[in-house]
Each structure stands twice: as structure tokens, then as C-alpha cells.
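Trainee: Hey, got a minute? I'd like to go through the pockets in this one with you.

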Amino acid sequence: MLVIGSLASAIAIAVALAIDWFPEDGSTSSDEIDTLWDVLLVVSIPIFALVMTVALFNVWKYRARPGDMSDGPPIHGDTKLEVIWVTIPAVIVAVLSVYGWVVLDNIEDKREDRMIVEVTGQQFAWSFQYPMEGGKKVPSNELVLPEGRQVEFKIRSKDVIHSFWIPEFRLKSDAVPGITTEWRATPKGTGTHQIVCAELCGIGHSTMRQSVRVVPEPEFTAWLDKRSRGGEAAGAAPGSQDQAAGGKQVFNNTGCNTCHTLSDAEATGEVGPSLDELGQVAGERKPGTKPEDYVRESIVDPAAFAVEGFDGGTMPADYEKRLTPEEIDSLVEYLLDVSSDAGGESG
Ligand code: CUA
């Protein structure tokens, strides 16, 4: 049994270590966490293999032969065996706990120059705030981080429990209404990673995904500076091509794309009404209201008019606060721009 169990363990460990379990490592904690994961595999696989080998062997060896109606020999407790099988797992678990605690403590180590980012989860999008000196906070619907600087996420929720997870950073924490949770990580290298909600939070849970952009420090400073002065589309003239392009960015960064379908933005959400024909139906939905006014109202006051088949109370009602006036302008412009074509002959 020992030979079979050891052989099975060796093969399973080799396979387990060869599997690439995680996405690219995006933070300085990734290595340590990946090693912890490997250690857990190496420790738990032999236990599983040996226990299964003993169990299967005994099922086969001591099976009832045809005609044998006996209960088998009477067996009583074996103190020595019991002490052994309680002690060994206890020691293993204790050692792994200490190791896990040390790794977590290392990762959570607060750095003097860390940056705070406030994260808010709300069905079904994440939004962010960058506290500045003097108490001002810069809001953003896109998460941008400087490379190589520790960031401390202060995570809150406005409605139900969500979970703020960046797989490339290997860390996550629940966003729980009423309390603030946190985790820290130091982004390693530049690039774009995913933000995933890892707690079932309602109909749009699976689409509650955004991205985090890690950029060099100077680029981050410039971005934050620009944002603190009032939004990305601020400089674009109304009705211009730039403004519509800015609108697409707002659409994607704000999380509109997680709940609505819009072909131009490759969005396929089904929580809210599809926006593909918005430009054509805007006038019919609220006769007497200009399409741009209807669209604007739907963004800043979604409960004012619910499209048939949808509950007007699902969409967050605070976009007027979360977006700058320029961002809302460009979003309205963009939505009407890409949804007004009659779609060819289909009309
Ligand atoms: Cu938010 Cu799942």
C-alpha cells in the first residue's frame, strides 16, 4: 500500500506542479502566494493518495465472499493508532497555519509610502476614489495604479455583499455593507489586469468585471492630475468625434457595459435594456421628450422611466454624482451616435 500510495502521490504531485494554476503574476505578493499554494499541494496530495489507497485496498481485500453472512471479526478501539492519527494531522495543520500566517503577515506589511484607494461595490459595478492631500477625493470609474508602489484598498459596499478580487494580484476581500475591509498589494510591472466580483451578488454578478491599468508612476501622476481637474472628456467640444470616443470610454469604465448590450462597445449585458436601438426608440418611449433629454434622464434618474420588462430600480441612481457633467454629455452623445443608424434595410 505504501509503495502504491507513494507512486500515486509522486505522479499526482508532478502533474499538480506542472499545471499553471494562476494568471500572470501582477503583484509582488504573487510569488509568495504561488509558493504557498504549491506547498499545500505537496503536503495534501500524499495524504489524499495514501488514505484512498488504504481505503480501496481494504474494500477489495476484506470484501464479503459469496455465502459469507458473518459480520467479520469484532474490532475494538486501538488507543495507539488513535493517538497517531490525531497527532499527525494536528501537527501538519499547525505547521501550515503558522506558515500561512507568516506569508499573510509579510504580504500585509504596511509600507510608509503606500497609496490609499477607496473601492465601492454596487450592483453591478465598481467605482473608485483617490484621497488627495487636503481631504479632497478624486472619483474615477476606472482603476489606474502606479507600478511599484504599495496600494491599500479600502473596500465598501453600497448594497449587498460583493468581493473585490484582482486575480493577477492574488488577493481579494469581501465588500460588506456597513464595514470597511482592506487589502494591500504592490503592482509589479505595467499592464492591464482584471477586476472580478467573487461573491454572488445578484442577476448581474457574472458581468461585474472591470479592469485595472498599472502604469509607470509619472503617467499615473499625470492621469490623476487630469482627473482631479475634471474628467477625461472635459476638453472635447460638444458633438465632436472626440466627445463620442470619450463617451465610449465612460461607457466601458463606468460599468454600463456589464449590464447593457451595445454592439459598438462589444457589451452583452442583459440586466438592463439593450441600447442598440436606443437612438431609434428614444423618441417613441417618451413622446414629446427630445431623445438626448430622455437618454440623459435615464442615466441620472433611471427610476423616472422604466422600459417595459425591466425594473427601473435596479440601476444605481447616483451617476450624476459619480460622473462629471462632461462625462455625462459625452456618454449621451456616444449612445445616440452609435444607436441611431436604422440598421440598413431591417429598419
Ligand atoms: Cu458583485 Cu458579484
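Trainee: How much space lies in the second largest pocket?

Mentor: About 350 Å³. Keep in mind that this is a predicted model.

Trainee: Which residues line the second largest pocket?

Mentor: Pro46, Ile47, Leu50, Val51, Val54, Leu81, Ile84, Trp85, Ile88, Pro89 and Ile92. The elements that give two or more residues to that lining are helix H2 (30-61) and helix H3 (79-108).

Trainee: Which helix gives the most to that lining?

Mentor: H3 does, with six residues.

Trainee: And how do the lining residues divide into nonpolar, polar and charged?

Mentor: Eleven are nonpolar, with no polar and no charged residues in the lining of the second largest pocket.

Trainee: OK, switching over. What volume does the largest pocket have?

Mentor: About 580 Å³. Two or more lining residues come from each of helix H6 (256-259), helix H7 (278-285), helix H8 (291-300) and helix H10 (325-339).

Trainee: Which element has the largest share there?

Mentor: H8, which supplies four residues to the lining of the largest pocket.

Trainee: How many residues line the largest pocket, and which lie nearest its centre?

Mentor: There are 34 in the lining, and His260, Pro273, Ser298, Pro302 and Met315 lie nearest the centre.

Trainee: What's the lining of the largest pocket like by class?

Mentor: It has 22 nonpolar residues, ten polar ones and two charged ones. Back in the second largest pocket, the lining has no polar and no charged residues.

Definitions and conventions. Residues are numbered from 1 along each chain as its sequence is written. This is a predicted model: local features need pLDDT of at least 70, side-chain atom pairs count only at pLDDT 80 or more; totals for chains, interfaces and linings use all residues. Side-chain values use heavy atoms; hydrogens and water are left out. On a 1 Å grid over the protein atoms alone, a cavity is a set of points where a 1.4 Å probe fits but cannot get out, and a pocket is an open set with protein on both sides within 12 Å along at least five of seven lines; lining residues have an atom within 4 Å of a point. Grid points are joined across faces, edges and corners, and a volume is the space filled by probe spheres set on the points. Ala, Val, Leu, Ile, Met, Phe, Trp, Tyr, Cys and Pro count as nonpolar, Asp, Glu, Lys and Arg as charged, and the others, Gly among them, as polar.
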